[in-house]
Amino acid sequence: MPSLSLVLFDDAVSRTWEPFALTRPGGELRFGALTVRERAERLFGGRCAAHLAPDHLAGFAELGAPPVLPFAAAPAEGDRLFLAARAVAGWEARKAWRARTAGPGPVRVGGEVAGWFAPSGSPAPDAAFFAEPGGGGDSAVELPGTMLRHVWELMSGSGEQVAADVAALFPGAGEAALPAGAFRFGAHPLVLGEGVEIEPGVVFDTSAGPVWLDDGSRVKAFTRLAGPAYVGKRSIVLGGTLETVSIGDVCRIRGEFAQSVCLSWVNKAHDGHIGHAYLGAWVNLGAETTNSDLKNNYGSVRLWTPEGERDTGEMKVGSFLGDHVKTGIGLLLNTGTVIGAGSNVYGAAMPPTYVPPFSWGTGDRLTAYRVDKFLEVAERAMARRDVALTEDHRRQLHAAWMRARGGGPDPSPSS
């Protein structure tokens, strides 16, 4: 069978997944133990060749991520699977995919059109398809799974997906050997990657789900880590109580971190409660930054979206912080707070439940964060993790700033 090119695309739904869609394609969001792209690559047996996404994401650069292309530049050669970034095919889909027919046609996930299979010699879909996938006739293949619809589902469904990911990737996982002074209880597996370091005084609770520590991760003393949980490559858990979490690569997490997801290079190195939250890449939380995730009246939480405020139907929703968000020490975040990418918020006053991208200030006294100052800080933060801010990525972040600020001029200097 010819090699397959996997192409992920942002449809009209995932293009609204703020505060993340401004700075990254949907395929580079984490859901469960893997990003959408990583799971699709494992399911369909090949590297992702490209993300198709809006123009302001051109130049997006992260380790392992393919280039972002405009919709009109969809790859035209070879066998191609075009798949929506919000499609989460079940692990059992591997068998159905291998048994697919050779002809072109729509691909369904959970009964909904989620993409298109274009064998060699057939054209790619047009731009209208990538906005709203559809099409009649027989499907090329029917795949089990689900289509994510709302940004908060990336948080609320992540724990269950972690459990499914570990079960699929490590079938029959046995007992992991722990160093003296570290303890584990519960019937679900504990999976340890290469070079994992665990200090005495660590407790793993696998009663409710598995725990997977990926290669090079470290867990420091006085940590209680309850599954389902994933800790990414070279990440460090510095102590505290963590449960039902998915932590990306090269993160530092301490304190209370529950029912939450973070992308890579997140720094929460101090105490403070973060619950039912989703943190973008390069987020840095000042000491004791804390979010509420439950209303006093125990009602469902409403969340800002680009289409207006929406009722999530969830009783527990914390905060959603875009890429490169920074918070000052002691900052308190209300239930259902959304902070746009690149923002720097601080001080004793609680910010509003929606902070526009690239904002700077305290409470509701917010001004535009100068783009030159933002890029300067981003470059310094990335250098601390030995990651260079490339010129392409710099231009992409500048384009995001321009889009967020309506294409207006850089504001007057702010401190």
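Helices α6 and α7 are oblique to each other, a description that follows from their packing angle of about 140°, because only angles over 145 degrees would count as roughly antiparallel. The model in which this arrangement appears is a predicted one. Helix α6 spans residues 371-383 and helix α7 spans residues 391-404, and their axes lie 11 Å apart. The crossing of α6 past α7 is right-handed.

The side of α6 that takes part in this packing contributes Val371, Phe374, Leu375, Glu379 and Met382. These residues meet His393, Arg394, Leu397, His398 and Trp401 of α7. By residue class, the contact between α6 and α7 comprises six nonpolar, two polar and two charged residues.

A second region of interest is built around strand β9, which covers residues 112-118. Strand β9 is mostly covered, with five of its seven residues buried. Two strands that pair with β9 can be considered in turn.

Strand β6, formed by residues 79-84, pairs with β9 in the antiparallel sense through four bridges. Within this pairing, Leu81 has Phe117 in β9 as its bridge partner.

Strand β8, formed by residues 105-109, also runs antiparallel to β9, and five bridges join the two. Here Pro106 has Trp116 in β9 as its bridge partner. The link between β8 and β9 is a hairpin with two residues between the strands. In the turn of this hairpin, Gly110 adopts a positive phi of about 60°.

Technical notes
Residues are numbered from 1 along each chain as its sequence is written. This is a predicted model: local features need pLDDT of at least 70, side-chain atom pairs count only at pLDDT 80 or more; totals for chains, interfaces and linings use all residues. Side-chain values use heavy atoms; hydrogens and water are left out. Axes are lines fitted to C-alpha atoms, for helices over the stretch in contact, and angles run from 0 to 180 degrees between N-to-C directions. Angles under 35 degrees count as roughly parallel, over 145 as roughly antiparallel, 65 to 115 as roughly perpendicular and the rest as oblique. A crossing is left-handed if the near helix is turned anticlockwise from the far one by less than a right angle, and right-handed if clockwise. Contact means heavy atoms within 4.5 Å. Ala, Val, Leu, Ile, Met, Phe, Trp, Tyr, Cys and Pro count as nonpolar, Asp, Glu, Lys and Arg as charged, and the others, Gly among them, as polar. Buried means under 20% relative accessible area, exposed over 50%, partly exposed in between (1.4 Å probe, protein chains only). Two strands pair if DSSP finds at least two bridges between them.
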